[in-house]
Amino acid sequence: MESAQLFFYFSAIAVLIPCHGFSVDTEQPVVFREAVKSFGYSVVQFGSGPSAGVLVGAPLQQGGVNETGKLYNCQATSSKSGGCQEVVLQSKH
């Protein structure tokens, strides 16, 4: 192996070793659970402070006729577990 390649590999290792994830609490995580098919397939965090929340997708969850997929708005609670409510995407006439 050339010295330039070795330098590159060791430099990459030296840079990546001190890197850690940010804003991810691995010690006391907030857990959201719903007994629906594919819950958690897609997740996006929004807001900050008391208005912060997480939108969680369940694309395989069956709804009404010709309706596949559900979206849930999840809010953290003081007990480090989360509460989720289904987001209505289509109004029923």
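**Gln-61, the core and the disulfide**

Trainee: Is Gln-61 buried or exposed?

Mentor: Gln-61 is buried, because its relative accessible area is 19% and the cut-off for buried is under 20%. Please keep in mind that this is a predicted model.

Trainee: Which strand does Gln-61 lie in?

Mentor: Gln-61 belongs to strand S2, which covers residues 53–62.

Trainee: And what does its side chain reach?

Mentor: The side chain of Gln-61 reaches the backbone nitrogen of Lys-37, at 3.0 Å.

Trainee: Which residues does Gln-61 touch, not counting those up to four places away in sequence?

Mentor: Gln-61 touches Val-36, Lys-37 and Ser-38, and also Glu-67, Thr-68, Gly-69, Lys-70 and Tyr-72. Lys-37 thus appears both in this list and as the partner of the Gln-61 side chain.

Trainee: Let us step back. What does the secondary structure of the chain come to?

Mentor: The chain has one helix and four strands. Read from the N terminus, the order of the elements is α-β-β-β-β.

Trainee: How many of the residues count as buried?

Mentor: The chain has 93 residues, and 16% of them count as buried. Its exposed surface is about 7,600 Å², with 59% supplied by carbon and sulfur atoms.

Trainee: What about contacts between residues at least 6 apart in sequence?

Mentor: Of those contacts, 25% join residues that are at least 24 apart.

Trainee: Now the interior. Which residues make up the largest nonpolar core?

Mentor: That core has nine residues: Phe-32, Val-36, Phe-39, Val-54, Val-56, Ala-58, Tyr-72, Cys-74 and Cys-84. S2 and S3 are the elements that give two or more residues to this core. The largest share, three residues, comes from S2.

Trainee: How many aromatic pairs does a search of the whole structure find?

Mentor: The search finds one aromatic pair. Phe-39 and Tyr-72 form this pair in an edge-to-face arrangement, 5.6 Å centre to centre and with 70° between the planes.

Trainee: Where in the chain do Phe-39 and Tyr-72 sit?

Mentor: Phe-39 is in the loop between helix H1 (3–16) and strand S1 (42–46), whereas Tyr-72 is in strand S3. The two are 33 residues apart, and the pair links distant parts of the chain.

Trainee: Why do both count as buried?

Mentor: Phe-39 has a relative accessible area of 19% and Tyr-72 has 7%; both count as buried because the limit is under 20%.

Trainee: Which residues is Phe-39 in contact with, leaving aside neighbours within four places in sequence?

Mentor: Phe-39 is in contact with Phe-32, Arg-33, Glu-34, Val-56, Gly-57, Ala-58, Tyr-72, Cys-74 and Cys-84.

Trainee: On to the cysteines. Which residues does the disulfide join?

Mentor: The disulfide joins Cys-74 to Cys-84, with an S to S distance of 2.1 Å. It is the one disulfide that a search of the whole structure finds. The pair links distant parts of the chain, 10 residues apart: Cys-74 is in strand S3 (residues 68–76) and Cys-84 in strand S4 (residues 82–87).

Trainee: What is a disulfide, in general?

Mentor: It is a covalent bond between the sulfur atoms of two cysteines.

Trainee: Is this one right-handed or left-handed, and why?

Mentor: The disulfide of Cys-74 and Cys-84 is right-handed, because the torsion about its S-S bond is about 110°.

Trainee: Are the two cysteines buried or exposed?

Mentor: Cys-74 is buried, with a relative accessible area of 1%. Cys-84 also counts as buried, at 16% relative accessibility.

Methods: Residues numbered from 1 in each chain as written. Predicted model: local features only at pLDDT ≥ 70, side-chain atom pairs only at ≥ 80, totals over all residues. Heavy atoms only, no water. Buried < 20%, exposed > 50% of the residue type's maximum accessible area, 1.4 Å probe, protein only. Polar contact = N/O pair within 3.5 Å; in protein donor to acceptor, adjacent residues only side chain to side chain. Contact = heavy atoms within 4.5 Å. Disulfide = S-S within 2.5 Å. Core = buried A, V, L, I, M, F, W, Y, C linked by side-chain atoms within 4.5 Å. Areas by Shrake-Rupley, 256 points an atom, 1.4 Å probe, with all protein chains shown as cover. Phe/Tyr/Trp six-rings, centres within 6.5 Å; stacked < 30°, edge-to-face > 60°.
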